[in-house]
Amino acid sequence: MVKLNIDGRMIEVAEGTTILNASRMLNIEIPTLCNHPKLTPFGGCRLCLVEVKGVPRPLTSCTTPVSEGMEVTTSTPALEDLRKTVLELILSDHPNDCMICEKAGDCTLQELAYFYGISPYNPPLLKGDKGGFLGERRIYEKRDGNPFIERNMEKCILCGRCVKVCDEIQGVGAIDFAYRGFKSKICPPFERDLDCEFCGQCVAVCPTGALTGKMWQLRGRQKDIKEVDTTCAYCGTGCNITLHVRKNEVVRVTAKEDKWNEGWLCVKGRFGYTFINSPDRLKKPLIRIAPKHIADFGFRISDLNSEVRNQQSAIFKEVSWDEALDYISAKLKEIKEKHGPDSIAGLSSARCTTEENYLFQKFMRAAVGTNNVDHCARL
Amino acid sequence: MSSVKIMVCMGPGGIASGGAEVISAFESELRQANVSADIHKGCSLHKVGCFGLCSKDVLVDLIIDGAKTTYQSVKPEMVRRIVSEHIIGNLPVAEWTADENYHNFYKKQVKVVLSDCGRIDYENIDSYISEGGYKAAEKVFAGMTPEAVTAEIKNSGLRGRGGAGFPTGVKWEACRKTAAGQKYIICNADEGDPGAFMDRAVIEGNPHAVIEGMLIGSYAIGASRGYVYIRAEYPLAVERLKYAIKDAHERGFLGSNIFGSKLKFDIQLKLGAGAFVCGEETALIASIEGQRGMPRPKPPYPVFQGLWGKPTVINNVETLANIPYIIKKGSAWYSSYGTEKSKGTKVFALTGKVKNTGLIEVPMGITLREIIYDIGGGIEGGKALKAVQTGGPSGGCIPANMVDINVDYESLARVGSIVGSGGMIVLDEDNCMVNMAQYFLQFTQSESCGKCVPCRIGTKRLLEILSRITKGKGRDGDIELLEKLSRDIKSASLCGLGQTAPNPVLSTIKYFRNEYEAHLKGKCPAAVCKELLTYYILEEFCKGCGACLRACPSKAITGEKKKLHKIDPAVCVKCGACFDVCKFKAVKKE
Amino acid sequence: MTNSIREIEGMEVIFVIGSNTKETHPVIANRMLKAIRKGTRLIVADPRRVPLVRFSEIFLQLKPGADAALLNGMAHVILKEGLCNDEFINERTEGFDEWKKSIETFTPHNASKITGIPEEEIIKAARLYGGSRKAGIFYTMGVTQHTHGTDNVNAIANLALLTGNIGREHTGISPLRGQNNVQGACDAGCLPNVYPGYQRVDIPMVKKKFEDIWGVPLSDKEGLKSTEMTLAADKGSLKALYVMGENPVMTDPNIGHTIEVLKKLDFLLVQDIFFTETAALADVVLPAACFAEKTGTFINTERKVQLVRKAVEPPGDAKEDTWIIAELSGRLGYPMKYSSAEEIFEELSSLWPALSGISYSRIRTHGIHWPCPTKDHPGTEYLFKAGFPRGKVSFTTVRYLPPAEAAGLDYPFVLTTGRNLFQYHSGSMTRRIASIEKHAGEPYVEINTEDAKKAGIKDGEKIKVASRRGQIEIKARVTDRISNGILFIPMHYREAAANVITTDALDPHGKTPEFKVCAVKIGKIKVSGE
């Protein structure tokens, strides 16, 4: 354990703890854009600079480990001034189009700009008629063709989180820094389109609007969003996810860092939610009107959706719940009477909830009277 | 029978001026001249490293029975006469021998690191050994404890020659004391300052000194592996070093059981891909590890957690090349040179507006005046000295009125500059200081790794402000803005590159604020900044020869033969062609 | 899983066999990567060079279906080199000596001949796994979807018992469940031989307990497994089938046969969120709510009960499955009255002590691993801490048996099927997601570069793949990810459905179909005019 003093308060923390994390334990807020609790420290944004007694220049608190007897000051006029300059520099190379940005309201850069009172139209450093820091901005003509991740690289602040998460968490390394100087950028090899696992971990850690989900576009920002914590419905891992709902529509899926999956998801978990609103969803009970042999369909169907829709209306008619349920119960009763309960079987689903499965087997056993119940565990 | 030794400079300057052609000319002339076989027998031709005075290359030393004659500016066609008159006829070709200037160039220099450069054959390990090479390493392995070695280096006062000036012995001691199964020593040969070629000359002229320095270092800190991180743009240095490492292996100086000990040491070359920032030690480490060369925050320092997370010492080429000489001759000898805190000698690449440009090695504490006027031979064309830029893009400028300053770490720091890796650019009245600052900023900005905001965007904004000032579009308050932003970049940047990038701006503002102010008022006092210039023809000097008219690419000049010519400022593109061609100094720029 | 996902971090050795974890359980793979970054060592055994191999220390590229030989071979080395955990074997197992004899023939040499893995790699893997007392084994369908899948699982268990890598933290045997709630469906009793909580239907006392609580007489006759239902329908003894949220046409082997059989039924009821391939054969189709439209629980692969919350309303007249079942039940004369999913969960948890301590209020923010017998019990991250339920657990002798179908002259390739990262199971959800379709919407068969060269097949060329049961046309993906003589087709694509070709041979114990091995041939498609 190491004892140190932060802003006049003593704290004892484990060896190797960074000044930033030690400060957080004391609820001392130090601004940062590049630091992420699940990733190794980077030290690139320079916002978390603090003063350490005896050290001539400010140190980044995210990378500096504590040492015994250290005296740290996290906020001084000089430090705040530096932070302001850094933010002004970042915003001088940023579109500042928050009014149409997907990330508005959920953007760390926007928050910091707000708290430091920085406006692109009136930088406090401004001396002449135009802003002192206003200068060339990076323009990215190229749009990435991948279907999952929207890359607005002019909004990228090169904090490196996406690069780190892709390497350290996902083990993919699909992107990295390229070029030098002001032209530095983050891109896939040879600036090709992104082609990766599309887990979207990079989207989750991006502190600005540079990386967002393609299908999120113009479907609602964080304002007016209802967040519902639930469990992912794909594989058996059972990641905890959060559905972002606007006007009875799931518009985004995220994951929280404090859940067991630490905020990480895969492509299906993060981007595979739009089936919920698919126009193909069944909306009415259907009863067959055509004899069964017509339903014989081949397996060389290229366009799945239109094919299915055609078939559906040709073979089935839409009915009310009462009509459907009465029809089913009559059928089942008839078969049970004629052939006994064991002539009926039920296939339940590993996709449904535990409660539904419980009820299903109870229905088969208690209402129908057979143990012919199984599900697809083996497939 | 007389012995003849011909040494041809094959340093960077020598090669650029045709050293290889001169050598083959000597070879063929000597072959043809075999009329005198006994002379030929005792004659050897050597390719040697840098002589120093690059402006007079190709330099050739002709040593006949120990007596040395130096020829300067030798061209292949001159060789026949040198061979027939001097080697055969024993009569030096007086008109081609080095002049007084040449000898002045060497007079005030003290050669330690460069002592064997230009004397020994870089391709021949025996040549190095015969001059006492690997004796220092033998001494260390045979009878010194690692602690004694670090103590000796500490006592010598040797400080890192790469720029930061950190005491080498202290660095070694810290690494020595860090417990770890594996440690590394890295030679930083990623020399990137524009106009600097100290390390290149050392490696090309005396590669074994670097290897021996690393070997001694490995013993002192307990490293079994070493890397030389070298620019791929130095193919010759790479080739000579590879060759030298191979030779050292064959002689048992590298490999296992070195000097009969149980110790192992191997050196591997890593070629840099031309990123200036990879000279920064943490970026260099990242690059060796196969990552993008981006600096990492310190602490932890590399001596505790360096390459692959293991304790690592990184020393610059010149630092390491000093080591064998210090061990051989003793720390007291070494520290007899220099000032109280800056010991020994330092190699500088003297360039710019001095008469003698080249590679010099001087004792620390020598005055700038001695370097410029005694060694450098003064300013070319009799113009006035304006300033000296030291330390390359990370350094600052020293104005002419401070020319008596001592050149050492402390004194230069006091006036806002640095020793740096040894770049020294002499500026005269024709140099514009704002333009100069812009030049260096252009370099650092394009070489910024992009990792941290102040360096990536901050230097870009500095550059933009400088550039608008040089274009006459500066605004009120721009000078203050430059100062403020420079200070912020210095304190907020991650690595040495960003922390020093604003130095040229700050020091030029400090000493030449009036030039900045003049630019804001629309004038470039040195008449360099194109946008602020006007060209016109002086009535009294114009002879109407038409030379300027013919030279003008934009047809801005009109005038009849033998009559006064005129420049139309609206059409003039300020290319300066008329200024250059006018024999009568009738074209004026302001 | 005997142990939890969290415990992956802290294992010294991870042994993944027959699982393409990085694609099918990506977030578990993330946890493995995190562990590897901290020093955990990884062994991967798979016929394909799956993405996880990149992070492994040892990669065992075995022939499809040779799992048991590899596992026994490793056991042989562990025994021979004395790496076994004698204390554990003595105290907590039985049948060791007899089993030991059965392992004698599985020398690395013999194992190498069957598996195609070099001897020294088998030895290296055995030393690595056997040398650790904090080692976990992970597997999925690559192990189970064989005619001898149960044997393979037993061989895995033997390995864990031999080294004592079970019953402690950071150890265990971990089958990774492919679907969100396989665990929950099993736990809730959707199995033909057991009531909720694995209580056997043929034990009178158990039957009595459920009769008392449910208030009706129950059958003590073990029911049909899903694969047996198909057989019964074919024979004519099964007349009606109620399918909730399943798509057997796509997911069962030998599609042609499945369709034929389903058409024989008198009555097929399908309840789903989409009009699936199976729905097209139904008499009645009922629209159900999806996971975002209902409340309930999923129990994940590590036995963790987690909440599912309703976020949006179902479309049109679609209803939650519980409502539909209750309505039907009422019409069949057995009314079910529940006011919420929570009430159903409480009934279930009251019937099985492993769930008794879990309630909705306890799992509001974080799930709980069963068994959790009381309200103050923290849940159980890893099983068998205090011993095995039956005291001692047996080693099971596993012989190596070849797959049901072998490659031969007529059908020279072995086809193995599986999944890819982007699509999910029968595709009824993911194939309706535009982004996924754009990126991974086309079926393909992976074929080795050399095989492709020999057959004159170019990357991206459409070819024929046929077995004794059927034939599909599909684009070739030429890759070195797969070995010579082996093909891989992902199961998701109906337009080139892998299950048109697959065999319906079943494992005699688990009744799992052998999706991982069948013999096929390939051919170029003749372009007209050629």
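Is His425(C) buried or exposed? Keep that residue in mind as we walk through this predicted model. His425(C) sits in the loop between β16 (413-418) and α18 (434-440) of chain C. Its relative accessible area is 7%, so His425(C) is buried, the limit for that label being under 20%. The backbone of His425(C) deserves a look too: phi is near 45°, a positive value in a residue that is not glycine.

Let us step back and look at the chain that holds this histidine. Chain C contains 19 helices and 21 strands. Its radius of gyration is 24 Å, close to the 24 Å that the globule rule gives for 530 residues, so chain C is as compact as a globular protein of that length. Along its principal axes, the C-alpha trace of chain C spans about 75 × 65 × 45 Å. Of its 530 residues, 65% count as buried. The chain also brings together parts that are distant in sequence: among contacts in chain C with a separation of 6 or more, 69% link residues 24 or more positions apart. What chain C exposes comes to about 18700 Å², with 51% supplied by carbon and sulfur atoms. Another spot to find in chain C is the cis peptide bond between Trp370(C) and Pro371(C), where omega is about 0°. Pro371(C) belongs to the loop between β14 (368-369) and β15 (393-394) of chain C.

Now turn to chain B. Here there are 24 helices and 17 strands. The radius of gyration of chain B is 26 Å, close to the 25 Å that the globule rule gives for 590 residues, so this chain too is as compact as a globular protein of its length. Its C-alpha atoms fill a box of roughly 85 × 70 × 40 Å along the principal axes. In chain B, 61% of the 590 residues count as buried. Chain B has a cis peptide bond as well, joining Pro299(B) and Pro300(B). You can find Pro300(B) in the loop between α13 (281-288) and β8 (312-316) of chain B.

One helix of chain B is worth tracing slowly. Helix α22 (residues 503-520) has 18 residues, yet its end C-alpha atoms are only 21 Å apart, short of the 26 Å that a straight helix would reach. Follow its path and you will meet a bend of about 95° at Phe512(B). Phe512(B) is one of the buried residues of α22(B), which also include Tyr511(B), Glu515(B) and Tyr516(B). The cover over the buried residues of this helix includes the strands β11 (385-390) and β12 (396-399) and the helices α18 (433-447) and α19 (453-470) of chain B. After α22(B) comes Gly522(B), with a positive phi near 95°.

For contrast, look at helix α9 (residues 354-368) of chain A. Its 15 residues should span 21 Å at 1.5 Å a residue, and its end C-alpha atoms are 20 Å apart, which agrees. There is a kink in α9(A), about 25° and centred on Lys362(A). Since 15 of the 15 residues of α9(A) are buried, this helix is largely enclosed by the rest of the structure. Gly369(A) follows α9(A), and its phi is positive, near 95°.

How do the chains meet? Two pairs of chains touch, and the most contacts are between chains A and C. Chains B and C share no contact, and their closest C-alpha atoms lie 14 Å apart. For a view of chain A beside chain C, find Phe291(C), which touches residues including Thr230(A), Ile241(A), Leu243(A) and Phe275(A). Another residue to visit is Glu249(A), found in strand β12 (residues 249-254) of chain A. Glu249(A) touches Arg219(A), His244(A), Asn277(A) and Val312(C). With a relative accessible area of 19%, Glu249(A) is buried.

Finally, look inside. The largest nonpolar core has 154 residues, and those with the most contacts inside it are Phe275(A), Tyr516(B) and Phe291(C). Helix α19(B) gives this core its largest share, eight residues. A second, separate core has 68 residues, including Cys117(B), Ile125(B), Phe141(B) and Cys187(B).

Technical notes
Residues are numbered from 1 along each chain as its sequence is written. Chains are lettered from A and ligands numbered from 1 in the order in which they are written. This is a predicted model: local features need pLDDT of at least 70, side-chain atom pairs count only at pLDDT 80 or more; totals for chains, interfaces and linings use all residues. Side-chain values use heavy atoms; hydrogens and water are left out. Helices (H or I, at least four residues) and strands (E, at least two) are DSSP runs, numbered from the N terminus. The expected span of a helix is 1.5 Å times one less than its number of residues. The bend at a residue is the angle between axes fitted to the seven residues ending there and the seven starting there. Buried means under 20% relative accessible area, exposed over 50%, partly exposed in between (1.4 Å probe, protein chains only). Contact means heavy atoms within 4.5 Å. The radius of gyration is taken over C-alpha atoms; the globule rule is 2.2 Å times the number of residues to the power 0.38. Accessible areas come from the Shrake-Rupley method with a 1.4 Å probe; for residues, only the protein chains shown count as cover. A nonpolar core is a set of buried Ala, Val, Leu, Ile, Met, Phe, Trp, Tyr and Cys residues joined through side-chain atoms within 4.5 Å. Lists of a residue's contacts leave out its neighbours within four places in sequence.
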